[in-house]
Amino acid sequence: MRARVRLLSAERRVFRGPDALGVYRLLTQVEPEVHGSKLAYVLVEAARSYQVRDLPERRLALLEEAVAVASALGEANPYRERMLTRALDARRQELDRHRDA
């Protein structure tokens, strides 16, 4: 219930901030088709954040989760392709960084 209240109190299309991952992870368990694309979006954003700048394993874990969440969306979901492409591109870039290092 708290997650829904936080989401509804945000005046944005996608809730952001330090609690966004927790909120969307919880809500995606209940309604994956409704909240899964937003979870994938905030996972990619979290992987790009300064908090994990020096944690390549953590960045990759976030991106792997984003790919898994986006892949699990139904074919009829209008955001599936866009979020899956975004997550796969971000993961590929991260893997390329690992190879170049």
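**Arg80 and the packing of helices H3 and H5**

In this predicted model, a polar atom of the Arg80 side chain lies 2.8 Å from the backbone oxygen of Leu73. A polar contact is a pair of N or O atoms within 3.5 Å; within protein, one must be able to donate a hydrogen and the other to accept it, and residues adjacent in sequence count only if both atoms are side-chain atoms. The backbone oxygen of Ser71 lies 3.1 Å from a polar atom of the same side chain, that of Arg80. Residues are numbered from 1 along each chain as its sequence is written. Local features need pLDDT of at least 70, side-chain atom pairs count only at pLDDT 80 or more, totals for chains, interfaces and linings use all residues, and side-chain values use heavy atoms, without hydrogens and water.

Arg80 touches Ala70, Ser71, Leu73, Gly74 and Glu75 (heavy atoms within 4.5 Å), leaving aside residues up to four places away in sequence. Arg80 counts as buried because its relative accessibility is 16% (buried is under 20% relative accessible area, with a 1.4 Å probe and protein chains only).

Arg80 belongs to helix H5. Helices are DSSP runs of H or I, at least four residues, numbered from the N terminus. The axes of H3 (residues 32–47) and H5 (residues 80–100) come within 10 Å and cross at roughly 25°. Axes are lines fitted to C-alpha atoms over the stretch in contact, and angles run from 0 to 180 degrees between N-to-C directions. H3 is therefore roughly parallel to H5 (angles under 35 degrees). In H3, Ser37, Ala40, Tyr41, Val44 and Glu45 meet Met83, Arg86, Ala87 and Ala90 of H5. By class, this contact has 6 nonpolar, 1 polar and 2 charged residues.

Methods: Helix = DSSP H or I, 4+ residues; strand = E, 2+ residues; numbered from the N terminus. Parallel < 35°, antiparallel > 145°, perpendicular 65-115°, else oblique. Nonpolar A, V, L, I, M, F, W, Y, C, P; charged D, E, K, R; others polar. Buried < 20%, exposed > 50% of the residue type's maximum accessible area, 1.4 Å probe, protein only.
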